[in-house]
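Me: Could you go through the packing in this model with me? I would like to begin with what counts as a contact.

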Amino acid sequence: MRDDELLTVPEVMARLKISRSTIYDLIRTRRLASVTIGRARRIPARTLTDYIHHLEEAA
């Protein structure tokens, strides 16, 4: 996964194995950053990597 890659919500769902509503909750609460391009929501791969590292550190 490249750091500059933009992931779709379904791609993030598959990688984290969590539901769409949970992804949007993470975005809404600003625990997972995202960008909007037109009507499309994208999550930067770097942001997802940072989020996973944060979870690992908290465990």
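Reply: Contact here means heavy atoms within 4.5 Å. Please note that this is a predicted model.

Me: Fine. What does Ile-27 touch, leaving out residues up to four places away in sequence?
Reply: Ile-27 touches Leu-32, Ser-34, Arg-41 and Ile-43.

Me: Where does Leu-32 lie, and is Leu-32 buried or exposed?
Reply: Leu-32 lies in the loop between α2 (20-28) and β2 (35-37). Leu-32 is buried, as its relative accessible area is 1%, and buried means under 20%.

Me: Which residues does Leu-32 touch, with the same sequence neighbours left out?
Reply: Not counting residues up to four places away in sequence, Leu-32 touches Val-12, Leu-26, Ile-27, Ile-43, Thr-47, Leu-48 and Tyr-51.

Me: And the largest nonpolar core, how many residues make it up?
Reply: The largest nonpolar core has 11 residues in all, among them Leu-32, Ile-27, Val-12, Leu-48 and Tyr-51. Helices α1, α2 and α3 each supply at least two residues of this core. Nonpolar side chains tend to be buried together in soluble globular proteins.

Me: Changing topic: at what angle do α1 and α3 cross?
Reply: The axes of α1 (residues 9-16) and α3 (residues 45-58) cross at roughly 30° and come within 12 Å. Angles under 35 degrees count as roughly parallel, and α1 and α3 are therefore roughly parallel to each other. The crossing of α1 and α3 is right-handed.

Me: Which residues meet there, between α1 and α3?
Reply: Val-12, Arg-15 and Leu-16 in α1 meet Leu-48, Tyr-51 and Ile-52 in α3. The residues of this contact comprise five nonpolar, no polar and one charged.

How values were computed:
Residues are numbered from 1 along each chain as its sequence is written. This is a predicted model: local features need pLDDT of at least 70, side-chain atom pairs count only at pLDDT 80 or more; totals for chains, interfaces and linings use all residues. Side-chain values use heavy atoms; hydrogens and water are left out. Axes are lines fitted to C-alpha atoms, for helices over the stretch in contact, and angles run from 0 to 180 degrees between N-to-C directions. Helices (H or I, at least four residues) and strands (E, at least two) are DSSP runs, numbered from the N terminus. Angles under 35 degrees count as roughly parallel, over 145 as roughly antiparallel, 65 to 115 as roughly perpendicular and the rest as oblique. A crossing is left-handed if the near helix is turned anticlockwise from the far one by less than a right angle, and right-handed if clockwise. Ala, Val, Leu, Ile, Met, Phe, Trp, Tyr, Cys and Pro count as nonpolar, Asp, Glu, Lys and Arg as charged, and the others, Gly among them, as polar. Buried means under 20% relative accessible area, exposed over 50%, partly exposed in between (1.4 Å probe, protein chains only). A nonpolar core is a set of buried Ala, Val, Leu, Ile, Met, Phe, Trp, Tyr and Cys residues joined through side-chain atoms within 4.5 Å.
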